[in-house]
Amino acid sequence: MPSFLEVQGLTKHFSVRSGAGLFSPRIPLKAVDDVSFSLKKGETLGVVGESGCGKSTTGRLVLGMMAPTHGSILLDGTAVHTRHDAVWRAQRQRMQMVYQDPVSFLDRRLPVGRQVMEPLTVHSIGSSVAERREKAEALFSVVGLRPDQFASYPHELSGGQRQRVILARALVLDPELLVCDEPVSALDVSVGAQVVNLLKDVQLSRGLTYLFISHDLKIVRQVADRVIVMYLGRIVEEAATQELFQQPVHPYTRALMSAVPSLKPHPQRRLSIQGSPPNPMQVPNGCVFHPRCPRASKLCQTERPELRNIAANRSVACHHPEDTTVSSPRKLETI
Ligand code: SF4
Ligand code: MG
């Protein structure tokens, strides 16, 4: 099956001042650095990593909300970033964002139903207000809201209900791809689980494709078909979800999983990550993970590992990845 979304060499540099002074020179901060992936129709690709690793910037670039420094994004074979306004609008209509924080996204002065209708007005869809209202109202039942809540204001709804409003608003244009950026991180666990189930139901019934960004590995394991792991703007590992969780091969992925007790792939091998991610303005030479890595060698300090295939549909950027062919892996040193 051909790719529905094709991302090639995606790179985003922000220009930031190197010091606190007004006249300190500007340097590029590589928020996203040479990221490539593809998504088939109906598939869910999870994107994981610590905060600041470039997950959200990748999502915003995919949606055309900002222009990349380099690279290309094709949706169904047509470029997302184009100077041709009509093409951009048409492409944008096919992709929507499910935001993390409904409180700051929703306008507290407007009834939520009006806010769900708004994208239809912006895209001039529907011949009358009544028609737009009908379409928006129909979505209220799809996302599990009551019809009378159409006239509610955001503060009259619970956190879970507000997140359902966000989803209804994202669905109102009948998109094909949703970028879900930490869609349940503002919710408590049980409400978050309900919203995750709703996202899965809606995906099935509408044949949606998801780019699912989250720092929560347990949720990603539940929803994603494949996962990419990002560190400092780059992909360090990509695999099918089951393979990744059963046998992570990049030391960073393994450490991330070790931090979640119920996910530890091999309980005898405890790993934790030393320190915090380096300052993105002072990225280490060689493998950017080497100052925190228990497997780092001299080579790792000087040569950056490229993302390479190690099996069908499985890639890693590491000079010394865990050997996937060893059935009883040796004990790694605890760090
Ligand atoms: Fe660790 Fe070296 Fe692999 Fe980087 S390349 S993750 S430092 S073993
Ligand atoms: Mg983010």
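**Close-up views of a predicted protein model**

**Figure 1. V32 sits within strand 2, which covers residues 26–39.** This view, like those that follow, is taken from a predicted model. V32 has 28 other C-beta atoms within 10 Å, and because 20 or more are enough for a residue to count as buried, V32 is classed as buried. Leaving aside residues up to four places away in sequence, V32 touches L10, T11 and K12, as well as G54, T57, T58 and L61, and G233 also belongs to this set of contacts. The view also includes C53, which is 21 residues from V32 along the chain, and the C-alpha atoms of these two residues are separated by 8.0 Å.

**Figure 2. L74, in strand 4 (residues 70–75), is shown with its contacts.** Is L74 buried, exposed or partly exposed? With 17 C-beta neighbours inside 10 Å, L74 counts as partly exposed, because the count falls between the limit of 12 or fewer for an exposed residue and that of 20 or more for a buried one. When residues up to four places away in sequence are not counted, L74 touches E6 and A79. E176 stands 102 residues from L74 in sequence, while in space the two are 14 Å apart, C-alpha to C-alpha.

**Figure 3. The loop between strand 7 (177–181) and helix 7 (189–206) contains E182, and V184 is found in this loop too.** E182 is not a glycine, although its phi is positive, at about 50°. E182 is also buried, with 20 other C-beta atoms within 10 Å. V184 has 24 C-beta neighbours inside 10 Å and likewise counts as buried. Not counting residues up to four places away in sequence, the residues that V184 touches are G192, V195, V196 and I219. Between V184 and S214 there are 8.8 Å in space, C-alpha to C-alpha, although these residues are 30 apart in sequence.

**Figure 4. S124 lies in the loop that connects helix 4 (112–122) and helix 5 (129–142).** The backbone of S124 has a positive phi of about 50°, although S124 is not a glycine. Is S124 buried or exposed? Only 12 or fewer C-beta atoms within 10 Å are allowed for a residue to be called exposed, and S124, with 8 C-beta neighbours inside that distance, counts as exposed.

**Figure 5. Helix 10, made up of residues 251–258, is largely enclosed by the rest of the structure.** This description follows because eight of the eight residues of helix 10 are buried. The buried residues run from P251, Y252, T253 and R254 to A255, L256, M257 and S258. Which elements cover them? The cover includes helix 8 (217–223) and helix 9 (241–246), together with strand 9 (226–231) and strand 10 (234–240).

**Figure 6. Ligand 1 is drawn with the residues that surround it, among them P251 and H320.** The surroundings of ligand 1 include the cysteines C287, C293, C300 and C318, and also the histidines H290, H319 and H320. F289, R295, A296, P251 and P305 belong to the surroundings of ligand 1 as well. Sorted by class, the shell consists of eight nonpolar residues, three polar residues and one charged residue.

**Figure 7. The wider setting of the close-ups is the protein as a whole, which has 11 helices and 12 strands.** The radius of gyration of the protein is 21 Å, close to the 20 Å that the globule rule gives for 335 residues, so the protein is as compact as a globular protein of that length. The C-alpha trace spans about 65 × 50 × 45 Å along its principal axes, and buried residues account for 37% of the 335 residues. Of the contacts between residues at least 6 apart in sequence, 61% join residues at least 24 apart. The protein is divided into domain 1 (1–17 + 25–94 + 176–195 + 203–224), domain 2 (102–174) and domain 3 (248–316), and the centres of domain 2 and domain 3, taken over C-alpha atoms, are separated by 42 Å.

**Figure 8. The final view concerns the confidence of the prediction, for which the average pLDDT of the protein is 89.** A pLDDT of at least 70 is reached by 93% of the residues. Over residues 327–335, however, the pLDDT is below 50, and this stretch has 13 contacts in the model beyond near neighbours in sequence. For the complex, the predictor gives an ipTM of 0.98 and a pTM of 0.91.

Definitions and conventions: Residues are numbered from 1 along each chain as its sequence is written. Chains are lettered from A and ligands numbered from 1 in the order in which they are written. This is a predicted model: local features need pLDDT of at least 70, side-chain atom pairs count only at pLDDT 80 or more; totals for chains, interfaces and linings use all residues. Helices (H or I, at least four residues) and strands (E, at least two) are DSSP runs, numbered from the N terminus. The radius of gyration is taken over C-alpha atoms; the globule rule is 2.2 Å times the number of residues to the power 0.38. Two residues are in contact if their C-beta atoms, placed from the backbone, lie within 7 Å. A residue is near a molecule or strand if its C-beta atom, placed from the backbone, lies within 6 Å of it. Ala, Val, Leu, Ile, Met, Phe, Trp, Tyr, Cys and Pro count as nonpolar, Asp, Glu, Lys and Arg as charged, and the others, Gly among them, as polar. Domain bounds come from an automatic or database domain assignment. pLDDT is the predictor's confidence in each residue, from 0 to 100.
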